[in-house]
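Here are some short exercises to work through with the model open next to you. Try each task yourself, then read the solution step by step.

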Amino acid sequence: MDKIIEVLSKTDLENITEAILNRYQKILGELHSENLSVEELIEHIVSYYEDIISCMPGNVYWLSKNGIGIGCNKNVLNMFGLKSLKEFKGLSFEAMATVGKWTEAATVSFENDTLEVVNTGNAKLNVEEPPIPHTDGRLLYFLTSRVPLFDRFGKVIGVVGISIDITDRKHMEKELRHAKEYAEAANKSKSEFLAAVSHELRIPLTGILGMARILGDEPMQEAHHKQINDIVTSGEHLLALVNDLLDLAKLEAGKLELHSSPLDLRKLVEEIATMLSFQAKAKNLELLVNYAIDAPQMVIGDARAIRQILLNLMGNAIKFTERGHIRINVDCIQQEQLKAHLILSVEDSGIGIPPEKLTTVFERFNQVDSSRTRRYGGAGLGLTITKAYVELMSGKIWVESEVGKGSCFYCQIPFPLQDMINRPSIWDPYRSQLRILIIDDTLRGDVIAKQLSCPFCHINPGEQAFNMILTAQQKHEPYHIIIMDQQLQSIDAMELGRRIHQQRNLQAPMMVLLMPPSTVEARNSAKQSGFFEILIKPVHPSELLVNLTAAWERWEDKHRATNKSLSIFSDKQPNILLVEDDPIIQKVHTMMLEKVGCKVNVAQNSQETLSMYAGGFDAIFMDVGLPGMSGIEIAAEIRRREQGQRIPIIGVTGYGYEEDRLNCLEAGMDDVAIKPLKPEELTQLLIKWVAKEKA
Ligand code: ADP
């Protein structure tokens, strides 16, 4: 500087002074610049900017493009333990690393990032750097931004770095992480505890419920019957709660997961409806299934999750409805090549939900009000679990409701489709040929008509039905099939059936009666009134189509049924092998099987089972969770040894998980039932696997 000043003329110096004063007037004005030399003026300006930089928070430094230190603020000096800026100037990376005792990783990261900024001319912002030691021994963490410095011609001449100390934040993050891990571990052990307790509770409960049910069927005083009924009802509530808690525990532990596999959704929905039909019947509620004709049937999904969703929603619908109907709808709102967006909805004509509760009912332990809880029971977990399942399937759930009128819960779920979508239904060949009259005065008439989707299908509530049939005959358009509900309001269905049957000049239509579950005598008497086929309500769509087609084919072939007894075992007493190790459950299941007319032999373990299975049994009920060789392994072994006729094996498991079910089926079992077996389920299984075999 001195040299430059020496060679300048007086005029030059005056001009420079003036230029500086003009340019930096504000700064210098505040510094009282009068009578200062050029050198002093420049000193002032430099120290003005250096002061500003010194005060900046964080570490600010600037380097030449070769990474040599040019300037920095006080924080940087402190960090290096340097006394003045002079000591920083000229420091290379290596020197900085030595002075600052940087780690290898930090040195490499600083050098690479600086060179990258120099070479690319682009800033590198908010990089979290490897920690470096402070003079006081602590490790410091920095978040650094590096920005290129350009000359007037746009050439990179250096790099400015600004590093913010985030050490405290890092410590806080670490503490938070630890706290979170600790909370998660605590939650996990709570969930595991809950799962273990729930599981242990299920076993004795199963025994209590089974025994109480059997006792309840014994002849006894009315008052005792009522008390036993109360035990069963309370036991069922407790079991439902235990199951909900098990699911909640899984949900909280993040273990609620899906196991998708190809499934027949229509069949599944119908099975669930059948399971609940007894509860609905006990409250005199109509239970209807409406599976839209355009909704695909063969989808890929988690059967257990769907079962859980529908059981919860339908269970609530039945619980909160005193009269009217429950309807399950499956509708397709959009179908792509291999995906369908379906809406599964459960509608009821029950007490409804007030508008302000429509979203909160999905929260855990949330119920509409305590008076409902007292009256209807429940813990407010069902909808939480249902929602979790729906969301796990990438779906959404919502409810529409009007107090006093009813509610409808909707689950919109995308389902991948199986390749072999919707084979043509067996009903298809008849669809356009047959003329059908449905005599029903409930919503079911519409539902059945939709399922049949025939161009010539009429619905009548009853009174005018006989005239309609006569008129159709006169017009030479006679009805081929008449489907009639047994419980008509305005007319006696059996009487109407007899009239149609006895009408001489009527081309005999095939009459099908829809009956609630009833005695053999009632069914036989319906047959004597002229009904060719009796379908037990709730009649599910696919069941209706299959049964109607089969009946029609038989009717056409004039293979009239010989009024075969509808008792499930008309000829010989079925011989059942029950494999079960728990003595109480053994007793419960034996009594239940004996009650429906079976002869029961018990095997306690794999050895006994394998030595007994070939003894001419009609079916094996196999406990899945046996100690030692499991029921699944025994079933596989039987299938391996078996020669000739295949014995139906029905697995009985404590859990309703789809993977368990699939494992059982894969091992060669034919069906899987969940403990505790209920009498009605047992009957269904026997009809399916034993009566069928014997037919
Ligand atoms: P809960 O075990 O109490 O039934 P949920 O989670 O299944 O628990 O339901 C929460 C609450 O939502 C119920 O207590 C009830 O007040 C209300 N609710 C659920 N479904 C219905 C329905 N179909 N009709 C009327 N209220 C319902």
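**Exercise 1. Find Arg641 and describe its surroundings: is it buried, partly exposed or exposed?**

Step 1: check the cover. Arg641 has a relative accessibility of 39%, so it counts as partly exposed (buried is under 20% relative accessible area, exposed over 50%, partly exposed in between, with a 1.4 Å probe and protein chains only).

Before going on, a word on the ground rules. This is a predicted model, where local features need pLDDT of at least 70 and side-chain atom pairs count only at pLDDT 80 or more, while totals for chains, interfaces and linings use all residues. Residues are numbered from 1 along each chain as its sequence is written, and side-chain values use heavy atoms, with hydrogens and water left out.

Step 2: place the residue. Arg641 belongs to helix 23, which covers residues 631–641. Helices here are DSSP runs of H or I with at least four residues, strands are runs of E with at least two, and both are numbered from the N terminus.

Step 3: look for partners. The side chains of Arg641 and Glu637 are joined by a polar contact of 2.9 Å. That term stands for a pair of N or O atoms within 3.5 Å; within protein, one must be able to donate a hydrogen and the other to accept it, and residues adjacent in sequence count only if both atoms are side-chain atoms. Setting aside neighbours within four places in sequence, Arg641 is in contact with Leu610 and Tyr613 (contact means heavy atoms within 4.5 Å).

Step 4: check the spacing. Ala614 is 27 residues away from Arg641 along the chain, and their C-alpha atoms are separated by 9.6 Å.

**Exercise 2. Now take Arg146: which residue shares a side-chain polar contact with it?**

Step 1: Arg146 lies in strand 6, residues 142–150.

Step 2: Arg146 counts as buried because its relative accessibility is 4%.

Step 3: the partner is Thr114, whose side chain makes a polar contact of 3.4 Å with that of Arg146.

Step 4: list the other neighbours. Not counting residues up to four places away in sequence, Arg146 touches a set of residues including Tyr61, Phe110, Asp113, Lys124 and Glu129.

**Exercise 3. How many aromatic pairs does a search of the whole structure find?**

Step 1: the search finds 6 aromatic pairs. Rings of Phe, Tyr and Trp (its six-membered ring) pair if their centres lie within 6.5 Å; planes under 30 degrees apart count as stacked, over 60 as edge-to-face and the rest as tilted.

Step 2: take one of them. Tyr48 and Tyr49 make an edge-to-face pair, 5.5 Å centre to centre with 85° between the planes. Tyr48 is partly exposed because its relative accessibility is 32%, and Tyr49 is partly exposed at 39%.

Step 3: move to another. Phe80 and Phe88 form a tilted pair, 6.3 Å centre to centre with 35° between the planes. Both Phe80 and Phe88 are buried, and with Trp102 and Phe110 they form one aromatic cluster.

Step 4: add the charges. The charged end of Arg499 sits over the ring of Phe466, 4.0 Å from its centre, and that of Lys396 sits over the ring of Trp398, 5.7 Å from its centre. To count, NZ of Lys or CZ of Arg must be within 6 Å of the ring centre and within 35 degrees of the ring normal.

**Exercise 4. Inspect three loop residues: where do Asn284, Ser453 and Pro57 lie?**

Step 1: Asn284 is in the loop between helix 11 (265–282) and strand 9 (286–291). Its phi is positive, about 60°, although it is not a glycine. At 66% relative accessibility, Asn284 counts as exposed.

Step 2: Ser453 is in the loop between helix 16 (444–452) and strand 16 (457–460). Phi of Ser453 is near 35°, again positive in a residue other than glycine. Ser453 is partly exposed, at 29% relative accessibility.

Step 3: Pro57 sits in the loop between helix 4 (38–55) and strand 1 (59–64). Its relative accessible area is 64%, so Pro57 is exposed. The C-alpha atoms of Pro57 and Ser163 are separated by 9.1 Å, with their positions 106 residues apart along the chain.
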